[in-house]
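Reader: Could you take me on a close look at one part of this model, the strand pairing, and then show me what lies around it? I'd enjoy one connected walk through the details.

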Amino acid sequence: MPAAEVSLSVGLVRRLLDEQHPDLANLPVEVLANGWDNLVCRLGEEFLVRLPRRAVAAELLAHEQRWLPELADRLPLPVPAPVRLGRPTAEYPWSWSVVPFLAGRIAARSQPDDPWLAAATIGGFLDALHAPAASKAPVNAARGIPLAGRAEGILTGLAHVDPADRATALRIWEKAVAAPVWDGPPVWLHGDLHPANILVDRGRISAVIDFGDITSGDPATDLSVAWMLFTAEQRAVLRQAYGRADDATWERARGWALALSLVFLSHSADNPLMLGIGERAFRAVVA
């Protein structure tokens, strides 16, 4: 995982709250996750605090603060739209957020009871999310772009898989890249939709979290989640619920699933959770 560029602690969270949101400062604070981009702390029963660990993540969090409140009301699942904003200080250099605590465990650790219903739920969520994006929507140099822009990473990532699978994966990649590119308007994208950013509560998909990579572009990027969570039959349910993925979009989505699986396989030596997501997605793609 990338190293943190600042020193983060529960004490820092308490001091920031005391300075900027004193009505929340007496709530219990507990580290919940220390991810690639953010330190996430539980704040009492109702909230989380998200603090970027790196400068690049601070920019992503700013996008989330700007756009997620506008999108949240029209989405069929809860999302962590910020309820309080934090400012940089002399001690901490970036903006930070207080967001609602959303019940559930990540889908990477808690499979839905009914995966067909879960597939339909994710398909419906993406159908609602993938509306034409605002002209000032964020643009991500690595997500939502034509697949050809990921070619270098594919060739590098294939070095991390079993040699017996490389030829199959390369054929799948070449077919995906050859598919017609997205020619519709750029649509809103989650940008990082995988099983660690989907919550399951009481056996059902309950929320979608971590919109730091929110961007605009080709919907195939988000549709790649179909290979990260579901069987071929369940993927068909997701596609039907989504309702507007033509064959070219679906082919590109498979290519995106391959590209992202190789990212997870290549960069998760110290993160068994993401390594497992990468392994499952890669096996689904080449099956």
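Author: Happily! Strand β4 (residues 84-86) pairs with β5 in the antiparallel sense, over three bridges. Within that pairing, Leu85 stands opposite Ser97 of β5. This is a predicted model, so please read every value here as computed from it.

Strand β5 itself covers residues 96-100, and four of its five residues are buried. It has another partner as well: strand β3 (residues 47-52) pairs with β5, again in the antiparallel sense, over four bridges. There, Phe47 has Pro100 of β5 as its bridge partner. As general background, side chains in a regular strand alternate between the two faces of the sheet.

Phe47 also takes us to the nonpolar cores. Phe47 belongs to a core of 18 residues, together with Ala25, Cys41 and Val49 among others. That core is separate from the largest one, which has 65 residues. In the largest core, Phe125 and Leu126 have the most contacts, while helix α9 (residues 247-266) gives the most residues to this core, namely 10. Leaving aside residues up to four places away in sequence, Phe125 touches Leu75, Pro76, Leu77, Val79, Val208 and Phe211.

Now for the rings, which may appeal to a chemist. The structure holds three aromatic pairs. In one of them, the ring centres of Trp67 and Trp188 are 5.1 Å apart and the planes meet at 50 degrees, so the pair is tilted. Because Trp67 lies in helix α2 (residues 55-72) and Trp188 in strand β7 (residues 187-189), this pair ties together parts that are 121 residues apart in sequence. Both tryptophans, Trp67 and Trp188, are buried. Another pair, Tyr92 with Trp94, is edge-to-face, with 5.7 Å from centre to centre and 85 degrees between the planes. Tyr92 has 1% relative accessibility and therefore counts as buried; Trp94, at 15%, counts as buried too.

Charges join the rings in places. The charged end of Arg66 sits over the ring of Trp67, 3.8 Å from its centre. Arg42, in turn, lies over the face of Phe101, at 3.6 Å from the ring centre.

To set the scene for all this, an unreviewed UniProt entry places the feature "domain: Aminoglycoside phosphotransferase" at residues 29-256. Over that stretch the chain is 37% helix and 19% strand, and its end C-alpha atoms are 37 Å apart.

Key: Residues are numbered from 1 along each chain as its sequence is written. This is a predicted model: local features need pLDDT of at least 70, side-chain atom pairs count only at pLDDT 80 or more; totals for chains, interfaces and linings use all residues. Side-chain values use heavy atoms; hydrogens and water are left out. Rings of Phe, Tyr and Trp (its six-membered ring) pair if their centres lie within 6.5 Å; planes under 30 degrees apart count as stacked, over 60 as edge-to-face and the rest as tilted. Helices (H or I, at least four residues) and strands (E, at least two) are DSSP runs, numbered from the N terminus. Buried means under 20% relative accessible area, exposed over 50%, partly exposed in between (1.4 Å probe, protein chains only). A charge sits over a ring if NZ of Lys or CZ of Arg is within 6 Å of the ring centre and within 35 degrees of the ring normal. UniProt positions are given in the numbering used here, feature names are shortened, and annotations may be inferred rather than shown by experiment. A nonpolar core is a set of buried Ala, Val, Leu, Ile, Met, Phe, Trp, Tyr and Cys residues joined through side-chain atoms within 4.5 Å. Contact means heavy atoms within 4.5 Å. Two strands pair if DSSP finds at least two bridges between them.
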